[in-house]
Amino acid sequence: MPGELASRLQPIVAEAVTAAGFDLDSFEVQQAGRRQLVKVVVDSDDGVGLDEVAEVSRKVSAALDENEHVLASAYTLEVTSPGLDRPLTQPRHWRRARFRLVKVSPVDGAPFVGRVGHAGADAARVLDGGKIRDVRYADVAKAVVEIEFKQPPAEDLKLLDDDASGMIAAGQAETEKGSK
């Protein structure tokens, strides 16, 4: 029943979250005694603050109240942002982790820790041991952000920023060459 209920509620919740200007990162409905526990995780490129979580919570609650016939029972709503331990599973997760350290466990090969640069549709550029490499998402078994207690080295950030600028310029040159 919770799985069926979740599939009916998901579009309602997704619309409310999107209307508030955020991405629905995950959604879950669980039975909690006589009530339903509706868990909503939201994210955005600019992060999510407490005021924004409250705003999204109000919008989702209003949408659920308007569609109370779907729930047909009391519910508890829990709205939150993703934690640091959330695995990077989507290109947008990698994009939002730009300049952060990540621990990458490849499907084949040894795990490594690197700093995320530009994240594209199929791969991210990662600074690993002073060298920039492409990490294809399909080749990653697991990747999570590492907690840092100090500012990243300025030279690492410059390398990644210069790399992204070079990639953008190269992409523009290819586009111009292809249109001639």
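**Figure 1. Hairpin of strand 6 and strand 7 in the predicted model.** The hairpin has 2 residues between its strands. Gly-129 takes a positive phi near 60° in this hairpin. Strand 6 and strand 7 are joined by 6 bridges and pair in the antiparallel sense. Ala-123 has Arg-136 of strand 7 as its bridge partner.

**Figure 2. Open sheet of 5 strands.** The strands follow the order 7-6-5-4-8, and their pairing is antiparallel. Strand 7 (131-136) and strand 8 (140-145) are the edge strands, each of which pairs on one side only. From one strand to the next, the twist averages 40°. Strands of a sheet pair through backbone hydrogen bonds, in either a parallel or an antiparallel arrangement.

**Figure 3. Pairing of strand 5 with strand 6.** Strand 5 covers residues 112-119 and strand 6 covers residues 123-128. The two strands run antiparallel and are joined by 3 bridges. Ala-119 stands opposite Ala-124 of strand 6.

**Figure 4. Open sheet of 3 strands.** In this sheet the order is 1-2-3 and the pairing is mixed. Strand 1 (23-32) and strand 3 (75-80) stand at the edges; each has a single partner strand, so one side of each is left without a neighbour in the sheet. The twist averages 15° from one strand to the next.

**Figure 5. Strand 2, strand 3 and the helix that packs on the sheet.** Strand 2 (residues 35-43) and strand 3 run parallel, with 6 bridges joining them. Leu-37 stands opposite Thr-76 in strand 3. Helix 2, which comprises residues 50-66, packs on the sheet and touches both strand 2 and strand 3. The direction of helix 2 makes about 150° with that of strand 3.

**Figure 6. Aromatic pair of Trp-94 and Tyr-137.** The structure holds 1 aromatic pair. The ring centres of Trp-94 and Tyr-137 are 5.6 Å apart and the ring planes are at 40°, so the pair is tilted. This angle falls between the cut-offs, since planes under 30 degrees apart count as stacked and planes over 60 as edge-to-face. The pair links distant parts of the chain, with the two positions 43 residues apart in numbering. Trp-94 lies in helix 4 (residues 91-96), whereas Tyr-137 lies in the loop between strand 7 and strand 8.

**Figure 7. The largest pocket and its lining.** The largest pocket has a volume of about 310 Å³. It is lined by 16 residues, of which Asp-43, Leu-84, Arg-86, Arg-96 and Arg-100 are the closest to its centre. By class, the lining of the largest pocket consists of 6 nonpolar, 5 polar and 5 charged residues.

Definitions and conventions. Residues numbered from 1 in each chain as written. Predicted model: local features only at pLDDT ≥ 70, side-chain atom pairs only at ≥ 80, totals over all residues. Heavy atoms only, no water. 1 Å grid on protein atoms, 1.4 Å probe; cavity = no way out; pocket = protein on both sides within 12 Å on 5 of 7 lines; lining within 4 Å. Points joined across faces, edges and corners; volume = space filled by probe spheres on them. Nonpolar A, V, L, I, M, F, W, Y, C, P; charged D, E, K, R; others polar. Pairing = 2+ DSSP bridges. Helix = DSSP H or I, 4+ residues; strand = E, 2+ residues; numbered from the N terminus. Axes fitted to C-alpha atoms, helices over the stretch in contact; angles between N-to-C directions. Contact = heavy atoms within 4.5 Å. Phe/Tyr/Trp six-rings, centres within 6.5 Å; stacked < 30°, edge-to-face > 60°.
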